[in-house]
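Thank you all for coming. I would like to take a few minutes to walk through one structure with you, one region at a time.

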Amino acid sequence: MPLPRTPGKALRQRLAELRGPDVPAKALDARALAALAANPGCKRRAILDGAGVNKATLASSLGSPSVFGQSQFAFTRGNAFEAKVKADGGAELLRLVHEKLDRHAQPPADARVPDLAAVGPEGRTARTALALREASDTPGTWTLLDHPMLALDVAGSPAFLEPDAVVVHPDGSWTVVEIKSFPMLDGSADAAKVGAAARQAAVYVLALEEVAARLDPAPEVRHRVLLVCPKDFSNLPTASAVDIRKQRAVTRRQLARLTRIEDIADTLPEGTCFSPELSADELTTAVESVPATYAPECLSSCELAFHCRDRSRAAGAVTSLGRSVRAELGGLTTVDDVLSAARGESGDPDDPTVAALRRAAQLRAEALGQEVTPCR
């Protein structure tokens, strides 16, 4: 079975130069990939993630440390809960899959749990693909893949992804399982956290579909994933089936819009480097050489968000006010442009956006009892 396409030697060397000498690459996980897909116009994040730059370290070196990320306590608690769910060969996990997604199938007794150990991410990816093929060729049995390794092409560079689990049903279809440590209270969980988990699972589904496409016949990759969480305030697992078709479609479309990594790298000035050993001024120059597309949503998903927000505000960019505001303002890209148009000092009066701004300014002046400047 062919391995996922890897970048050429020249590109790998270029990306290593961007990270800095002897700086190890930071793996691009599904959470980061989902965030990247949510903002495909940001070339800065694309090249930093593609080069494996540690953005948290970079943000600290720039003087804008990030508070984004999971606490050590939450990380430990999540690992303990996942171990509990997968105990005894994943008996409880498979029971939840059977109950929530495949009640008509036979109960998951004597399920297979193949060994996925191999050398390096490429080896683990190939071993996972082989295990999936063998499981699909053995109908009538349940198979649990614990922390399989998948690969997904992202802007011409492979991202290696590790879902919590993938289950192969007796009919040969595949299901992604996401295990989270946030609770389900009375059968429901925090909508924002469920949404983030669904976007993350959509990345895994896309990667699984690439594996399935290389098999003949191609197995079905189910678009309902299983979200496993603690029940109420206990440590007992419960689960819910989550339909991720919308998230999958959006993620697939956004990933397709990403500019290829080598195209971004070719536009950078010679000698550009993001090594944490450089001074803050040198790093600022390097980071600013790559255009960013900041939006307030970045604060919950990107380690460089504080730095980009400060730069966006300093430039008076309307993107710092949110994507919806930016879309409403059309060709007015700075706050100064907006205020000037509202005051009637610039802008085409026949432009609907300019006319709406001037009308709003007039109404505000009337409400405050100020002298009204006639709209022109």
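Let me begin with the hairpin formed by strand 2 and strand 3, where 2 residues lie between the strands and Ala155 adopts a positive phi near 55°; please keep in mind throughout that this is a predicted model. Strand 2, which covers residues 150-154, runs antiparallel to strand 3, and the two are joined by 5 bridges. Within that pairing, Leu152 stands opposite Ala159 of strand 3.

Is strand 3 enclosed or open to its surroundings? Because 5 of its 5 residues are buried, strand 3 is largely enclosed by the rest of the structure. Both of its faces are covered, with Ser157, Ala159 and Leu161 buried on one side, and Pro158 and Phe160 buried on the other.

Strand 3 (157-161) also brings us to the second largest pocket, since it supplies at least two residues of the lining, as do helix 1 (9-19), helix 3 (43-50) and helix 7 (120-136). The volume of this pocket is about 520 Å³. Its lining consists of 26 residues, and those nearest the centre are Ala25, Gly50, Ser157, Pro158 and Phe160. By character, the lining residues divide into 17 nonpolar, 4 polar and 5 charged.

Finally, let me turn to Ser275, which is found in the loop between helix 10 (261-267) and helix 11 (280-288). Ser275 counts as buried because its relative accessibility is 3%, under the 20% cut-off. Beyond its neighbours within four places in sequence, Ser275 is in contact with Leu18, Arg19, Gly20, Val23 and Leu283.

Conventions
Residues are numbered from 1 along each chain as its sequence is written. This is a predicted model: local features need pLDDT of at least 70, side-chain atom pairs count only at pLDDT 80 or more; totals for chains, interfaces and linings use all residues. Side-chain values use heavy atoms; hydrogens and water are left out. On a 1 Å grid over the protein atoms alone, a cavity is a set of points where a 1.4 Å probe fits but cannot get out, and a pocket is an open set with protein on both sides within 12 Å along at least five of seven lines; lining residues have an atom within 4 Å of a point. Grid points are joined across faces, edges and corners, and a volume is the space filled by probe spheres set on the points. Helices (H or I, at least four residues) and strands (E, at least two) are DSSP runs, numbered from the N terminus. Ala, Val, Leu, Ile, Met, Phe, Trp, Tyr, Cys and Pro count as nonpolar, Asp, Glu, Lys and Arg as charged, and the others, Gly among them, as polar. Buried means under 20% relative accessible area, exposed over 50%, partly exposed in between (1.4 Å probe, protein chains only). Contact means heavy atoms within 4.5 Å. Two strands pair if DSSP finds at least two bridges between them.
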